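This report concerns the disulfides of a protein chain and the surroundings of one selected residue. The sequence and structure are shown first, and the description follows.

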Amino acid sequence: MARGLLLGGAIAALLATAFPAQASSSSPIFTDPPPDKIIIKLATVNGSGCPAGTTAVAVSPDNTAFTVTYSDYLAQVGGGANSTAFRKNCQLSLNVHVPGGFTYAIASADYRGFASLQRGATATQKASYYFQGSPETASRTHPFSGPLEDNWQATDETDWAQIVWAPCGVERNFNINTELRVAKGTSPANSTSFMTMDSTDGDISTTYHLAWKECEQK
């Protein structure tokens, strides 16, 4: 059975120190996003978990979410792995262009992967988010322990009342930092444990769900 973690309010906590919303408090939250296409580009990609050419971002056709895929994001201990392979990380800076007159927020984020952890081994998946220029960064760490041989999933959700919106009329890069870490712990000396930021079936690894709101008219 796939394991899931529900970390209520995670993104609200970590985005609470980002730029204040510049949308009207009386403006409606759009269940249906604006029809004009949003554009998200990878401004920079750095880290041992996302070598050049192994990461891609795509926006859903209905503008309700965007996804990030990885093809070489794996942390491992044992099995002849390099001594530095126990920790992998990826730092993404996303340039988000939204239709004029609207602002967006991250309502929730879904992380997926596959873990093969021997009894006694442990692993963690860590994520942090911040808007460009924000002096504060908050993060969440999701722990796992062996024995585990299955998909894993972690979901961060934000209450509507706590959503923090990107500034209106100004493009600020949205930054996502993630990390996978595996520890041998008390597992057998000759055993191998690993954790990936994708699934064995090749499905999307992370999905960021968007909320929309109309900017205040000046």
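When the bonded cysteines of the protein chain are numbered in sequence order, they pair as 1-2, 3-4. The model is a predicted one, and the structure holds two disulfides. A disulfide is a covalent bond between the sulfur atoms of two cysteines. The table sets out the two pairs.

| Disulfide | S to S distance | Torsion about the S-S bond | Separation in sequence |
|---|---|---|---|
| Cys50 to Cys90 | 2.2 Å | about 100° | 40 residues |
| Cys168 to Cys215 | 2.1 Å | about -95° | 47 residues |

**The Cys50 to Cys90 disulfide**

With a torsion of about 100° about its S-S bond, the disulfide of Cys50 and Cys90 is right-handed. This pair links distant parts of the chain: Cys50 belongs to the loop between β3 and β4 (55–59), whereas Cys90 belongs to strand β7 (residues 87–97). Buried residues are those under 20% relative accessible area. Cys50 has a relative accessibility of 3% and therefore counts as buried. Cys90, at 1% relative accessibility, also counts as buried.

**The Cys168 to Cys215 disulfide**

The torsion about the S-S bond of Cys168 and Cys215 is about -95°, so this disulfide is left-handed. Cys168 is placed in the loop between β11 (148–157) and β12 (174–183), and Cys215 in the segment after β14 (206–214), so the pair ties together parts that are 47 residues apart in sequence. Both Cys168 and Cys215 are buried.

**Asn46 and its surroundings**

Asn46 is part of strand β3 (residues 39–46). The relative accessible area of Asn46 is 43%, so the residue is partly exposed; that class lies between the limits of 20% for buried and 50% for exposed. Which residues does Asn46 contact, leaving aside its neighbours within four places in sequence? These are Asn89, Cys90 and Gln91, and Cys90 is the residue that a disulfide joins to Cys50. Asn46 and Asn177 are 131 residues apart in sequence, yet their C-alpha atoms are 9.5 Å apart in space.

**The chain as a whole**

The protein chain comprises one helix and 14 strands. Of its 218 residues, 48% count as buried. Among contacts between residues at least 6 apart in sequence, 83% join residues at least 24 apart. The protein chain exposes about 10,400 Å², and carbon and sulfur atoms supply 50% of that area.

Key
Residues are numbered from 1 along each chain as its sequence is written. This is a predicted model: local features need pLDDT of at least 70, side-chain atom pairs count only at pLDDT 80 or more; totals for chains, interfaces and linings use all residues. Side-chain values use heavy atoms; hydrogens and water are left out. Helices (H or I, at least four residues) and strands (E, at least two) are DSSP runs, numbered from the N terminus. Buried means under 20% relative accessible area, exposed over 50%, partly exposed in between (1.4 Å probe, protein chains only). Contact means heavy atoms within 4.5 Å. A disulfide is a pair of cysteine sulfur atoms within 2.5 Å. Accessible areas come from the Shrake-Rupley method with a 1.4 Å probe; for residues, only the protein chains shown count as cover.
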